[in-house]
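Trainee: I would like a close look at one part of this model, and then at how the rest is put together. Please take it in one connected answer.

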Amino acid sequence: MLRWFTAGESHGPQLTVIMEGVPAGLELSSALIRRDLARRQGGHGRGGRQQIETDQARLVGGVRGGVTLGSPVALVLENRDHANWTAEMSPEKDGFQPRPVSRLRPGHADLAGAIKYGHDDVRNILERSSARETASRVAAGAVARALLDRLGVRVFSFTQSIGAVDLGYELLDPLKLSEELIEASPVRCPDPALSDSMVAAIDAAGDRGDTLGGTFRVVATGLPIGLGSHVHWDRKLDARLAMAIMSINAVKGVEFGGGFEGASRPGSAFHDEIDFQDGHYRHLSNRAGGLTGGTTNGEPIDLRVALKPISTMKKPMQSVDLRTHEKVQAHYERSDVCVVPAAGVIGESMVALTLADAFLEKFGGDSVAELQRNLRSYLAAIDA
Ligand code: EPS
């Protein structure tokens, strides 16, 4: 229902986003999108690139006078750093002066991409596989989030662990967390003492020329029962969310609710008991993470994501040269030490885009007003 594409290289002229299926009547502005873009650029452990960029989405299609028209929404984000790469990243043959990269980075897309696409310059792979692309997703996610906001849905995230420093409580109630505390932390961790330990761990890793991964949680509230479906594998919402999350650079795992820890429990200590209060169904716990049978069950969606450490390292690992096959140290230009805080914002965006699609699938509507009417009528029908 909501289709979207991104294009653009990390040091190319710009990133481009096209979104098809955004209903008419949604208020949008570049200032609104900027909020999430700025959150993605932040976080302790980010590299030099974020000092160069001030990501800003320019609305170039589908919006008139600050309101969507129902036609495809088009956004462009300038890569300020392109000014330093014009000869190397020239889209035109004229003025093109490449300095080929052939020292493969372990853990990056370099090797597999170069072999698959037949390139002998790894820059042809790393430019697109760079997490710079996620700025486009956050811009698209901000549009989806604006739509979800009109439907009473809130999506937020927080850092649960960085390296070995972990909040530690697997099933803490995310609804009790303060968003102010999360956003005030330099690592987007709601516990101030642990936040300090995470910052120290990132600094220590940086001093060693190393990098750190971690885990983050994404939570969505205000969801009706019935988004997604149990009837076919590719309509299951948990499967669609898992795909969206797994597509984020450096993600190596995703779990819903009790997830892997739940595998060691007996059924009686896992499943969420059902209750009926004030005319609504509810569950007495949320180990299912808000999804049963591939469908929202009325509880918040709660998922946790594992991010591997960044693969571009100041102290490079042993590798091979793509052209000569000689043993070499991996390529290094500059990089981040840790991107877990930023990845949480990207996770929110991917969840928001997936949920907006699921709402449009279930409730349809060419305008926001029509979508809202359809949702209200469904809620009135299912509430006792
Ligand atoms: C990123 C931009 C990149 C990297 C980082 C994320 O900029 P540059 O390559 O110019 O330093 O900082 O890329 C990666 C994590 C990666 O694996 O490629 C960004 O805007 O998020």
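Is Asn374 buried, partly exposed or exposed, and what is its relative accessible area?

Mentor: This is a predicted model, so the values below are computed from predicted coordinates. Asn374 has a relative accessible area of 28%. Buried means under 20% and exposed means over 50%, so a residue in between is partly exposed, and Asn374 is therefore partly exposed. The residue is located in helix H11. From Asn374 to Ala114 the C-alpha separation is 48 Å, with the two positions 260 residues apart along the chain.

Helix H11 also takes part in a surface feature. H11, residues 368–382, and strand S11, residues 274–277, are the elements that give two or more residues to a nonpolar patch. The patch covers about 550 Å² and consists of Ile225, Ile274, Phe276, Tyr281, Leu379 and Ile382. Among these, Phe276 belongs to strand S11. Its relative accessible area is 40%, so Phe276 is partly exposed.

The loops on either side of strand S11 can be taken next. His271 sits in the loop between helix H9 (259–262) and S11. With a relative accessibility of 56%, His271 is exposed. Its C-alpha lies 26 Å from that of Thr159, and the two are 112 residues apart in sequence. Asp278 is in the loop between S11 and strand S12 (280–283). Asp278 is exposed too, at 75% relative accessibility. Its backbone is worth a remark: most residues other than glycine have a negative phi. Asp278 is not a glycine, yet its phi is positive, at about 50 degrees. Ala250 is another non-glycine residue with a positive phi, in this case about 75 degrees. Ala250 is placed in the loop between helix H8 (237–246) and strand S10 (251–256).

Now the charged pairs. Side chains of opposite charge can pair when their charged atoms come close. Over the whole structure, the search gives 29 salt bridges. One of them joins Arg123 to Glu88, with 3.3 Å between the closest N and O atoms. This pair connects distant parts of the chain, 35 residues apart: Arg123 is in helix H4 (residues 123–129), while Glu88 is in the loop between strand S6 (73–78) and helix H3 (110–117). Arg123 has a relative accessibility of 4%, so it counts as buried. Glu88 has a relative accessible area of 10% and is likewise buried.

Arg123 has a salt bridge with Glu127 as well, and there the closest N and O atoms are 2.6 Å apart. Both residues of that pair, Glu127 and Arg123, are within helix H4, 4 residues apart, or about one turn of the helix. Glu127 is buried, its relative accessible area being 3%. A further salt bridge is formed by Asp110 and Arg105, with a closest N to O distance of 2.9 Å. Asp110 and Arg105 are both buried.

The loop between S6 and H3, which holds Glu88, also contains Asn84. Glu88 is buried, whereas Asn84 is exposed, with a relative accessibility of 57%. The C-alpha atoms of Asn84 and Ser247 are 29 Å apart, and the two residues are separated by 163 positions along the chain.

Salt bridges also form a network, which links Arg35, Asp36, Arg39, Arg145, Glu183, Arg188 and Glu348.

That leaves a helix pair. Two packed helices are described by the angle between their axes and the distance between the axes. For helix H5 (residues 134–150) and helix H10 (residues 340–363), the axes come within 8 Å and the crossing angle is roughly 45 degrees. Angles under 35 degrees count as roughly parallel and those from 65 to 115 as roughly perpendicular. H5 and H10 fit neither description and are therefore oblique to each other. The crossing of H5 past H10 is left-handed.

To return to the residue you asked about: Asn374 is a partly exposed residue in helix H11, and H11 is one of the elements that give two or more residues to the nonpolar patch.

Key:
Residues are numbered from 1 along each chain as its sequence is written. This is a predicted model: local features need pLDDT of at least 70, side-chain atom pairs count only at pLDDT 80 or more; totals for chains, interfaces and linings use all residues. Side-chain values use heavy atoms; hydrogens and water are left out. Patches are made of residues with over 30% relative accessible area and no salt bridge: like charges are joined within 9 Å, nonpolar side chains (Val, Leu, Ile, Met, Phe, Trp, Tyr) within 5 Å. Accessible areas come from the Shrake-Rupley method with a 1.4 Å probe; for residues, only the protein chains shown count as cover. A salt bridge is a side-chain nitrogen of Lys or Arg within 4 Å of a carboxyl oxygen of Asp or Glu. Buried means under 20% relative accessible area, exposed over 50%, partly exposed in between (1.4 Å probe, protein chains only). Axes are lines fitted to C-alpha atoms, for helices over the stretch in contact, and angles run from 0 to 180 degrees between N-to-C directions. Angles under 35 degrees count as roughly parallel, over 145 as roughly antiparallel, 65 to 115 as roughly perpendicular and the rest as oblique. A crossing is left-handed if the near helix is turned anticlockwise from the far one by less than a right angle, and right-handed if clockwise.
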